[in-house]
Amino acid sequence: MEIKKIVVIGSGTMGHGIAQTYAANGYQTTVVDIKPEALEAAKKLVASNVKTMLNADFITAEQAKATEANLFYSTDIKVAADADLVIEAVPEDPDLKARIFAQLDGICRKDTILSSTTSSMNIYEFVKITNPERLLIAHWCNPPHILPLVEIVKGPETDHEVAITMRKLLEGMGKSPVVLNQAVPGFIINRLNLALMRECSYMVEQGWVSPEDVDTAYCCNQGMKAPFEGPLKMMDFIGWDIGCMAGMFLYPSISNATEVGPLAMQMLDEERLGVKVGRGLYDYSGKTREEVQQERDARVLEVVKLARKLKAEK
């Protein structure tokens with residue numbers, strides 16, 4: 001199936017960046033949101049993203065022009081009637097997602113691929129559509145217009161060819177899709193993130209180390225190798241025999257908590273929620289959220305550019 005027209009439902013954190021990416025790569029893309037003010041905010045965010053990426057030589061002038069030419073905005077979900085691919089990018093509310101897909105089921109063609117960018121939910125448990133073989137999860141990572149990873153998660157009835165079509169589509173845009181053959185809580189990346197965060201928090205909670213030094217240790221070791229070497233490949237270099245010996249010694253002392261830890265709960269109680277409120281474990285006061293985000297995105301852009309170079313030299 002050839003993909004030409006794409007509709008993204010939801011213009012928030014993920015939706016606008018996903019739509020921007022498709023548009024930049026030549027696909028006629030429409031962002032749908034019931035709130036006109038949300039669409040206006042999305043337009044501004046896309047314009048800012050394009051400017052930042054262009055200045056960093058992350059996209060070409062042609063891609064910047066293509067974004068503007070191919071990206072449209074609407075409050076009417078019925079524009080999905082002639083779409084080849086529809087991406088649901090609404091908040092993580094199962095009832096809301098189920099309603100959106102029920103609407104799409106009645107609007108879209110029978111061969112339209114329907115996907116969700118949920119970060120961890122098993123939509124196959126509550127989304128009911130007429131042709132479930134065309135349904136799949138394609139979880140983009142934030143910021144979606146910069147980070148290459150997309151997790152494709154097949155459902156019990158997802159057609160193999162639909163997953164292949166999605167993978168080829170993403171690879172054609174320079175993304176790095178990975179495929180899970182079934183939905184598991186958290187998929188790949190959030191399972192890894194939560195496991196790492198649990199141990200980092202545990203060490204801070206025990207008073208063994210400061211948050212700053214935990215972050216420094218990660219950034220100056222694994223962080224340096226991460227663009228080209230994952231944790232399993234790293235073990236090939238360490239040696240699996242050494243890894244097994246270290247595991248026998250260390251596993252009993254590593255946190256096996258099954259509930260959110262004291263550090264995270266303290267952050268909630270003190271309303272230190274992170275960048276969005278100006279303070280988390282670190283202080284972001286003195287700058288707007290947009291300024292902090294732009295500085296971070298600029299750094300991520302440079303790392304992704306380097307990762308592209310390393311991949312090309314592989």
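This passage describes strand pairing, burial, salt bridges and cysteines in a predicted model.

The structure is a predicted model, in which local features need pLDDT of at least 70, side-chain atom pairs count only at pLDDT 80 or more, and totals for chains, interfaces and linings use all residues. Residues are numbered from 1 along each chain as its sequence is written, and side-chain values use heavy atoms, with hydrogens and water left out.

Helices and strands were taken as DSSP runs, numbered from the N terminus (helices H or I, at least four residues; strands E, at least two). Two strands were counted as paired if DSSP finds at least two bridges between them. Strand β1 runs parallel to strand β2 (residues 28–32), and five bridges join the two. Within this pairing, Val 8 of chain position 8 faces Val 31 in β2. The connection from β1 to β2 passes through helix α1 (residues 15–24), and this β-α-β crossover is right-handed. The term right-handed applies if, with the strands pointing away from the viewer, the path from the first strand over the helix to the second runs clockwise.

β1 also runs parallel to β4, here over four bridges. Val 8 has Ile 87 as its bridge partner in β4. Val 7 stands opposite Val 86 of β4. β4 in turn pairs with β5, again in the parallel sense, through four bridges. One facing pair is Leu 85 and Ile 113, the latter in β5. From β4 the chain passes through α4 to β5, in a right-handed β-α-β crossover.

Burial was assigned from relative accessible area (buried under 20%, exposed over 50%, partly exposed in between; 1.4 Å probe, protein chains only). Four of the five residues of β1 are buried, so the strand is mostly covered. In a regular strand, side chains alternate between the two faces of the sheet. In β4, Leu 85 and Ile 87 point one way. Val 86 and Glu 88 point the other way. All four of these residues are buried.Salt bridges were defined by distance (a side-chain nitrogen of Lys or Arg within 4 Å of a carboxyl oxygen of Asp or Glu). By this rule the model holds twelve. One of them joins Asp 82 and Lys 5, with an N to O distance of 3.0 Å. This pair links distant parts of the chain, 77 residues apart. Asp 82 lies in the loop between β3 (71–74) and β4 (85–88), whereas Lys 5 belongs to strand β1 (residues 5–9). Asp 82 is partly exposed, at 38% relative accessibility. Lys 5 is also partly exposed, at 31%.

A further salt bridge connects Arg 109 and Asp 84, with the closest N and O atoms 2.8 Å apart. These residues are 25 apart and again link distant parts of the chain. Arg 109 sits in the loop between α4 (94–107) and β5 (113–116). Asp 84 sits in the loop between β3 and β4. The side chain of Arg 109 also meets that of Asp 111 in a salt bridge (2.9 Å, N to O). Asp 84, Arg 109 and Asp 111 thus form a network of salt bridges. Its members vary in accessibility. Asp 84 is buried, with a relative accessible area of 10%. Arg 109 is partly exposed at 30%, and Asp 111 is partly exposed at 41%.

His 139 is located in strand β6 (residues 135–140). The residue is buried, with a relative accessible area of 7%. Its side chain makes a polar contact of 2.7 Å with the side chain of Glu 151. A polar contact is a pair of N or O atoms within 3.5 Å; within protein, one must be able to donate a hydrogen and the other to accept it, and residues adjacent in sequence count only if both atoms are side-chain atoms. Contacts in general were assigned to heavy atoms within 4.5 Å. Leaving aside residues up to four places away in sequence, His 139 touches Ser 116, Thr 117, Thr 118, Ser 119, Leu 149, Val 150, Glu 151, Phe 187, Ile 189 and Asn 190.

Cysteines were searched for disulfides (a pair of cysteine sulfur atoms within 2.5 Å). The search covered the whole structure and found zero. For Cys 200, which is in no disulfide, the nearest cysteine sulfur is that of Cys 219, 10 Å away. Cys 200 is partly exposed, with a relative accessible area of 22%. Cys 108 is buried, with a relative accessible area of 9%.
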